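I opened my notebook for another session with a structure, and here is what I looked up, entry by entry. Have the viewer ready if you want to follow along.

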Amino acid sequence: MSVLRLDGITRRFGGLVALDDVSLTIPGKGLSAVIGPNGAGKTTLFNVISGFMPPSAGRVHFDGADITGLPPETIASRRLIRTFQLVQLFESLTVLENVKVGCHLHTRGGLLAALLPTRAARAEEAAVDAEARHLLDETGLGAQAETLAAVLPYGQKRLLEITRALAARPKLLLLDEPAAGLNRQETDTLATLLRSIVARDTAILLIEHDMSLVMQVADNIAVLDFGRLIATGSPDEVRRNPDVIAAYLGTDEAAHV
Amino acid sequence: MNSLITIWANRRINPAALVLWGLAAAFVAYTFVSGGYLIAVLHFALIYTVFVTGLNIFMGFTGQVSFGHNAFAAISGYTSAVLTATYNWDPLPAGLLGLAGALTCALIVGYPVLRLRGHYLAMATLAIGLIVYEVAVQWDSVTKGYMGISGIAPLGIGRFTVVSDRALLIFLVIVAGLSLLSAAGIRRSRLGRAFVAIAGSEDAARALGIDVARYKLIAFLISAGYAAIAGTLFVHAVGFVSPEVFGLPMVVLSFTMLYVGGIGTIGGAALGAIVISALPESFRTFKDYQDLAYGAALIAILIYAPRGMASLPALWTKWRQRVAA
């Protein structure tokens, strides 16, 4: 059962075709990955799916509905939640508050709740507090709850962004190069976290440069090259695909493989 | 109490914070006892505390810019002044109608204007302030133009009125305190977190389902509400209003208070309003060099405490740690 379906997505920037007729289905379970060399159109694909950029042609279907052209916040409200290639934290909020912002969609409190802390308002805030702390404990950031997000080390900022996205209770989580800039040990921690997220029935779609991470955690892989989908399949199938080898190593080297 | 001082400071009671707020409280107490001209200075500072608290919600929390919040103070202040002085209304219903009028204008203006970003938003808000000023000048039959409206009734409900300087001081301390408390409540709530999230990253906020345009409008309306209340308090406290009262100098003054006090903090609005109101008075001894000394003091504050007075406790903690190390 697929949760996300792309039909003929094309995105042009002037004369440049960043995405060229990409059709793809992402299953509602497990971890899928989109890989490809620099400039292959991976981030553009994420921007189109999450509503930050409309496609020039084609449709995006999520969870049985056409979400093409909807604004990002509406798409997020359907529980399609993304992270960013350059970490985008709320730096003047604490780690805990960042995760609480992630709970925005399933909470209600407005101005009245802020000014008159009624029993209902206090109960909601207490529930959000408990949920956020629980998530932070799971991702190993529990001890940093009261720290300002701005002063976290880089690797923990990456983890916090994922924790915050999880707080939004995604059906599908889009992660844009979550391993970028992480060291070996941090990448291993990330791999474990990603598997545990998938194990709780949240599907993940990952863009990644780090091939070893993708081969280690992905259930299925799609390969983009110059905006075109050149291969899909299991890690083993993709690894053996001659087009993929050519795209990653260049045609000359591929001839020697 | 420390949570009122700064959202960046740690949670423990900080001796420097106690000193800072002790000084502020001592100043209020001294003024209350001594009376005289200082009491008028403090009235002014407390009314500006309300105004700057509102500005801080839009600029400090939500990270937007407005040069036009004086317009909302003017709309509410003039409404209340005309209704009480010309039509003999009670100050309370007049003030409430002023508040409603200011919020309606903020809604009409804010909806299209908040789609602009950065410099464009700043320019558009500046225009709002100038337009309202021009209306106050030109709409002679109602506002009496440059002459202004005098003899505005003091604050009060029914037969209970706040007449004496000292009673007004107590009343304004309560109102300013409530405005700080409400801002602290907003900052700690889901609403306030959404505001600060928008200031941090609009893209990330949208990706988590926050309707950024809607929340910017809410922040704009809330801050316009504080500005409107400050405007009404002002006309009734002084008993007089003219276009100059809510002119461009009000914008400059409130920005100075916001930055000197500490933008994005809670207590900064009060500290900035009190310090900036009292500072020119304390430099009188410099006679001809008064403005020079005043300017130098402002620059010194912004160099050594760029997050404003409210960040002094945190700076003090850091300094202690450095000395201890």
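**Loop residues with positive phi**

With 14 C-beta neighbours inside 10 Å, A:Arg169 counts as partly exposed, because the partly exposed class lies between 12 or fewer neighbours for exposed and 20 or more for buried. I looked at A:Arg169 since its phi is positive, about 50°, although the residue is not a glycine. I found A:Arg169 in the loop that joins helix H6 (154-167) to strand S7 (172-176) of chain A. This is a predicted model, so I kept an eye on confidence as I went.

I then turned to B:Asn88, another non-glycine residue with a positive phi, near 60°. B:Asn88 sits in the loop between H4 and helix H5 (91-113) of chain B. Buried or exposed, I asked, is B:Asn88? I counted 9 C-beta neighbours inside 10 Å, so B:Asn88 is exposed.

**Confidence in chain A**

I checked pLDDT for chain A and got an average of 91, with 96% of the residues scoring at least 70. Where in chain A is confidence lowest? The answer was helix H11 (residues 251-256) of chain A, with a mean of 50, while H3(A) is highest at 97. Over residues 253-257 of chain A, pLDDT stays under 50, and I noted that the model has five contacts beyond four places in sequence for that stretch.

**Where the chains meet**

I looked up the interface next: 28 residues of chain A are in contact with 23 residues of chain B. On the chain A side, helix H2 (72-77), strand S6 (80-82), helix H3 (95-102) and helix H4 (111-115) each supply at least two residues. I sorted that side of chain A by class and got 14 nonpolar, nine polar and five charged residues.

**Chain B overall**

I noted 15 helices and four strands in chain B. The C-alpha trace of chain B spans about 70 × 55 × 40 Å along its principal axes. A compact globule of 325 residues would have a radius of gyration near 20 Å, and chain B has 20 Å, so the two agree. I also recorded that 49% of the 325 residues of chain B count as buried. Of the contacts in chain B with a separation of 6 or more, 75% are between residues 24 or more positions apart.

**Helix pairs in chain B**

I took helix H3 (residues 37-61) and helix H11 (residues 212-238) of chain B, whose axes come within 8 Å and cross at roughly 170°. H3(B) and H11(B) are therefore roughly antiparallel. Among the residues making the contact are B:Phe51 and B:Phe58 of H3(B) and B:Tyr226 and B:Phe234 of H11(B). By class, I got 18 nonpolar, five polar and no charged residues for this contact.

My second pair was helix H4 (residues 70-85) and helix H6 (residues 118-138) of chain B, with axes 8 Å apart at an angle of about 30°. That makes H4(B) and H6(B) roughly parallel. Their contact includes B:Ala74 and B:Tyr78 of H4(B) and B:Gly129 and B:Val132 of H6(B). I tallied seven nonpolar, two polar and no charged residues here.

**An enclosed helix**

Why did I call helix H9 (residues 190-200) of chain B largely enclosed by the rest of the structure? Eleven of its eleven residues are buried, B:Arg190 and B:Arg193 among them. The cover over H9(B) includes H3 and H4 of chain A, together with H3, helix H8 (165-188), helix H10 (202-207) and H11 of chain B.

Technical notes. Residues numbered from 1 in each chain as written. Chains lettered and ligands numbered in written order. Predicted model: local features only at pLDDT ≥ 70, side-chain atom pairs only at ≥ 80, totals over all residues. Contact = placed C-beta atoms within 7 Å. Nonpolar A, V, L, I, M, F, W, Y, C, P; charged D, E, K, R; others polar. Rg over C-alpha atoms; globule rule 2.2 N^0.38 Å. pLDDT = per-residue confidence, 0-100. Axes fitted to C-alpha atoms, helices over the stretch in contact; angles between N-to-C directions. Parallel < 35°, antiparallel > 145°, perpendicular 65-115°, else oblique.
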